[in-house]
Amino acid sequence: MDGVPCLRVACCQAQQFRMYLQSRGMLDQSFSLVKQPDGTVLLPVSPSCVSQLDLQSLRNTLTPVVCDFTWSQSPQSKKEKGNKLERTIQELLEYRGERWMEEMRSDLPRSFQRHGDLVLLGDSCFTLPIWDKIGNQLWSAVTKELRVKRLAKMSRISRDDRFRSPVVTMLLGDNSWVKHVDNGISYEFDVTRCMFSAGNITEKLRVAGFDCSGETVVDLYAGIGYFTLPYLVHAKASHVHACEWNPDAVAALQKNLEVNGVSERCTIHQGDSRQVQLCNIADRVNLGLIPSSEEGWPVACRLLKKTTGGVLHIHQNVTSPLPNAAAGDAAPQNVSAKNADREVWRAWASDTANRITSLFMDLTGASWEINIQHIEHVKSYAPHVHHVVLDLGCRPS
C-alpha cells in the first residue's frame, strides 16, 4: 500500500493511544500526528510493526470511541516540517533584505507545546537580536506555518515568587487563556500565569485507570487539576480535597471542575498545604510535587484514615549516580544503565518507606504496616535524573 500506516482514533483518546503505541515501540516518531476534519487523529505506525497491530486487543483494552487501521498520505515528516518553517523564514528575511546566517538554523524551534490555537515556544529558540528586529511579521509567519492563531514564548520558571510561576510573553495575540484536552479531560488555564506539564501524561493516564469508587482522595498539590481531574472524571473518586496555594492556579482549577462537570465532588483548600486543617479523612493522598514532596509527608500521614489506612502516591526526582561515580563493588559492571537506575529507585523507595513508618509512629504512637506497592517511572530530565512515583500502602498494624 502507498502512504503511511496509521491508527485512526478519536481526538479525546489520542494521547492515550499514542502512549500505548509508544510504550510498545510501535509509534513511528519520524512523522507527526494528524488531526482529521471529522475530529479523529491519525497516529503513524512503524511499518515493521503493522503485522503486530491487534485491533481487537486494542479495543478490548482501551475501549475506544473510534479505532481502525488506515493508510494515509497526510502525515508529514517532522524533518520536512522543520525544513518548511526554515524555508518560510528564509524567504521572509530575503523579502526584508536581510541575510540568512547559518547560526539562525540552530536558533529555530525544534519542539513546542500546542494548546488549541496557541503554540508555546521554549526559551532556547529565537534568541538572536535579528528576530526582534523583524517582530510581528516573523510571528505571523510562524503561526501561519504552525497552523495556529496565537504565539507565546517561555522564558523560565520564576524564582521571584513562591508559586513557580512561568515567565511567558505573548508574541502574537492578546488572550492568554488556552484549552488543552488530555484523555477526554479539558484543562483551561492562563499560559502566562500557570504551568502545564505535558510530560505527566503517563501518570495522569495511570491515575485515570484506578478504581477509586467510594474513596476520598486528597491532592496536596493540585495546581490547575492535573491529577484532581483524572481522580474525579475517570477514577470516579467519591470526593477529592484539592489543596493549592497559587491563586491563579486556583482560579483555573475552579473553572476546570465546572467545565468537566465534577465541581460538586471537590472541595478546594486554598493556601499552604502544610497548614491544611484536615485529618483522618483520606483513602489516598496524592503528593505530586517535584523535585520533592517531602515537606508534605507528615501532613499526608495525618490525612489517612486512622482505622483503615490507605495509599500514598509520592512523587520525587531521583538522581542516579553517573557510571564512573558508582562504587565498583556495589553493582556488577555488566548491569545495564536502565537496571542500575531501577536499583537506585528501589533503594530510594525502601528508604522512603522506612521514614514513613517512623512518621506514623511519631504521629500516632502506634506501629503501621508500610508496603511498597509500585514504583512508576514518569519521565527523565537530564541523564540520570528521573521523575518517579512511589505507591505506598499504609495501614495500622
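Buried means under 20% relative accessible area. The exercises below apply to a predicted model.

**Exercise 1. Aromatic pairs**

Task: Classify the ring pairs that Phe196 makes with Tyr187 and with Phe189, and state whether the residues are buried or exposed.

Solution.
Step 1. Set the cut-offs. Ring centres must lie within 6.5 Å; planes under 30 degrees apart count as stacked, and over 60 as edge-to-face. The count by this rule is eight aromatic pairs.
Step 2. Take Tyr187 and Phe196. Their ring centres are 5.6 Å apart and their planes stand at 65°, so this pair is edge-to-face. Both Tyr187 and Phe196 are buried.
Step 3. Take Phe189 and Phe196. Here the centres are 5.4 Å apart and the planes are at 5°, so the pair is stacked. Phe189 and Phe196 are both buried.
Step 4. Assemble the group. Tyr187, Phe189, Phe196 and Tyr226 make up one aromatic cluster.

**Exercise 2. Charges over rings**

Task: Which residues lie over the faces of Tyr187 and Phe210?

Solution.
Step 1. Over Tyr187 lies Lys204, at 4.8 Å from the ring centre.
Step 2. Over Phe210 lies Arg284, at 4.9 Å from the ring centre.

**Exercise 3. The nonpolar cores**

Task: Find which residues of the largest nonpolar core touch the most other members, then trace the elements that supply this core.

Solution.
Step 1. The largest nonpolar core has 34 residues. Phe189, Ile224, Tyr231 and Leu257 touch the most other members.
Step 2. At least two residues of this core come from each of strand 6 (118–121), strand 7 (150–157), strand 10 (185–190), helix 8 (228–233), strand 12 (239–244) and helix 9 (247–259).
Step 3. Look at Leu257. Leaving aside residues up to four places away in sequence, Leu257 touches Thr228, Leu229, Leu232, Val262, Ser263, Cys266 and Ile268.
Step 4. Another core, of 31 residues, lies apart from the largest one; among its members are Leu278, Leu287, Ala300 and Cys394.

**Exercise 4. The seven-stranded sheet**

Task: What is the strand order of the open sheet of seven strands, and which helices pack on the sheet?

Solution.
Step 1. The order is 13-12-11-14-15-17-16, and the pairing is mixed.
Step 2. Strand 13 and strand 16 (368–380) are the edge strands; each pairs on one side only.
Step 3. From one strand to the next, the twist averages 20°.
Step 4. Check one pair. Strand 12 and strand 13 run parallel, joined by five bridges. Ala242 stands opposite Ile268 in strand 13.
Step 5. Add the helices. Helix 7 (residues 201–208) packs on the sheet and touches strand 15 (310–319), strand 16 and strand 17 (385–396). The direction of helix 7 makes about 135° with that of strand 16. Helix 11 (residues 337–364) also packs on the sheet, touching strand 15, strand 16 and strand 17. For helix 11, the angle with strand 16 is about 140°.

**Exercise 5. The four-stranded sheet**

Task: Which strands stand at the edges of the sheet with order 2-3-1-4, and what packs on the sheet?

Solution.
Step 1. This open sheet has four strands and antiparallel pairing.
Step 2. Strand 2 (34–35) and strand 4 (67–72) each have a single partner strand, so one side of each is left without a neighbour in the sheet. These are the edges.
Step 3. Strand 1 (residues 4–10) and strand 4 run antiparallel, joined by six bridges. Cys6 has Thr70 in strand 4 as its bridge partner.
Step 4. Helix 2 (residues 55–62) packs on the sheet, touching strand 1 and strand 4. The direction of helix 2 makes about 135° with that of strand 4.

**Exercise 6. Backbone exceptions**

Task: Locate the cis peptide bond and the positive phi values at Phe126, Asn280 and Arg147.

Solution.
Step 1. Recall the background. Most residues other than glycine have a negative phi, and most peptide bonds are trans.
Step 2. The bond from Ile290 to Pro291 is cis, with omega near 15°. Pro291 is in the loop between strand 14 (284–287) and helix 10 (297–303).
Step 3. Phe126 has a positive phi of about 50°. Phe126 lies in the loop between strand 6 and helix 5 (129–134). At 6% relative accessibility, Phe126 is buried.
Step 4. Asn280 has a phi near 55°. Asn280 lies in the loop between strand 13 (266–270) and strand 14. With a relative accessible area of 37%, Asn280 is partly exposed.
Step 5. Arg147 follows helix 6 and has a positive phi, near 60°. The buried residues of helix 6 (residues 136–146) are Leu138, Trp139, Ala141, Val142, Thr143 and Leu146.

Key
Residues numbered from 1 in each chain as written. Predicted model: local features only at pLDDT ≥ 70, side-chain atom pairs only at ≥ 80, totals over all residues. Heavy atoms only, no water. Phe/Tyr/Trp six-rings, centres within 6.5 Å; stacked < 30°, edge-to-face > 60°. Buried < 20%, exposed > 50% of the residue type's maximum accessible area, 1.4 Å probe, protein only. Lys NZ or Arg CZ within 6 Å of the ring centre and 35° of its normal. Core = buried A, V, L, I, M, F, W, Y, C linked by side-chain atoms within 4.5 Å. Contact = heavy atoms within 4.5 Å. Pairing = 2+ DSSP bridges. Axes fitted to C-alpha atoms, helices over the stretch in contact; angles between N-to-C directions.
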